[in-house]
Amino acid sequence: ESLAANTEAVFAFKITNPPVAQDPPTIRIKTRRTVAIIDLSDMVVVSSPVLGITGGSLPLRVVVPRYDGKQIAQSSPLSSSANTITLTLALNLELRPPYTLSLAGLGGLDFVDESMV
């Protein structure tokens, strides 16, 4: 298919990122035709946050999701007393709904606020 002069063409393709973190590479482009060659040159990249990750829009930048902080505490250790369990999380990315938060090891709880179950 032809690309008209002085017009913008947009190409998109889907890939799967690797399971490990990586910095974005330098991406270069070269166009070749029998009569004319446009020599190899660096692509202009746009750096903006994606999911709260600085530079998340840089092509092939990969960040492994992780907890930067995770703490749990309670308000009372006394038997038969009201107790508030407080969970504090910090992530290296923005977590957008819908998402599920699962905790293990808290069996046998009697929840007062069913909206938290």
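Q: In this predicted model, what share of the chain's contacts with a separation of 6 or more comes from residues 24 or more positions apart?
A: A contact requires heavy atoms within 4.5 Å. Among contacts in the chain with a separation of 6 or more, the share due to residues 24 or more positions apart is 35%.

Q: Which pattern does the chain follow when read along the sequence?
A: The chain contains zero helices and four strands. Read along the sequence, the pattern is therefore written with strands, as β-β-β-β.

Q: Is the chain compact or spread out, and what is its radius of gyration?
A: For 117 residues the globule rule gives 13 Å, and the chain lies well over that value, so it is more spread out than a compact globule. Its C-alpha atoms fill a box of roughly 85 × 25 × 20 Å along the principal axes. The radius of gyration is 25 Å.

Q: What percentage of the residues of the chain count as buried?
A: A residue is counted as buried when its relative accessible area is under 20%. The accessible surface of the chain comes to about 10800 Å², of which 56% belongs to carbon and sulfur atoms. Of the 117 residues, the buried share is 5%.

Q: How far apart do the centres of the positive and negative side chains lie?
A: The chain carries 9 positive and 10 negative side chains. The centres of these two sets are separated by 14 Å.

Q: Is Asn 92 buried or exposed?
A: Asn 92 lies in the segment after strand S4 (85-91). Its relative accessible area is 14%, and the cut-off for burial is under 20%. Asn 92 is therefore buried.

Q: Which residue has its backbone nitrogen 2.9 Å from a polar atom of the side chain of Asn 92?
A: Leaving aside residues up to four places away in sequence, Asn 92 touches Ile 53, Val 63, Val 64, Pro 65, Arg 66 and Asp 68. The side chain of Asn 92 reaches the backbone oxygen of Val 64 at 3.0 Å. The backbone nitrogen at 2.9 Å belongs to Arg 66.

Q: Which residue has a side chain joined to that of Asn 83 by a polar contact of 2.7 Å?
A: Asn 83 lies in the loop between strand S3 (67-74) and S4, and at 34% relative accessibility it counts as partly exposed. Beyond residues up to four places away in sequence, it touches Gln 74, Ser 75 and Ser 76. The backbone nitrogen of Ser 75 lies 3.0 Å from a polar atom of the Asn 83 side chain. The side-chain partner at 2.7 Å is Gln 74.

Key. Residues are numbered from 1 along each chain as its sequence is written. This is a predicted model: local features need pLDDT of at least 70, side-chain atom pairs count only at pLDDT 80 or more; totals for chains, interfaces and linings use all residues. Side-chain values use heavy atoms; hydrogens and water are left out. Helices (H or I, at least four residues) and strands (E, at least two) are DSSP runs, numbered from the N terminus. The radius of gyration is taken over C-alpha atoms; the globule rule is 2.2 Å times the number of residues to the power 0.38. Buried means under 20% relative accessible area, exposed over 50%, partly exposed in between (1.4 Å probe, protein chains only). Accessible areas come from the Shrake-Rupley method with a 1.4 Å probe; for residues, only the protein chains shown count as cover. Lys and Arg count as positive and Asp and Glu as negative; His and the chain ends are not counted. The place of a charge is taken as NZ of Lys, CZ of Arg, CG of Asp or CD of Glu. A polar contact is a pair of N or O atoms within 3.5 Å; within protein, one must be able to donate a hydrogen and the other to accept it, and residues adjacent in sequence count only if both atoms are side-chain atoms.
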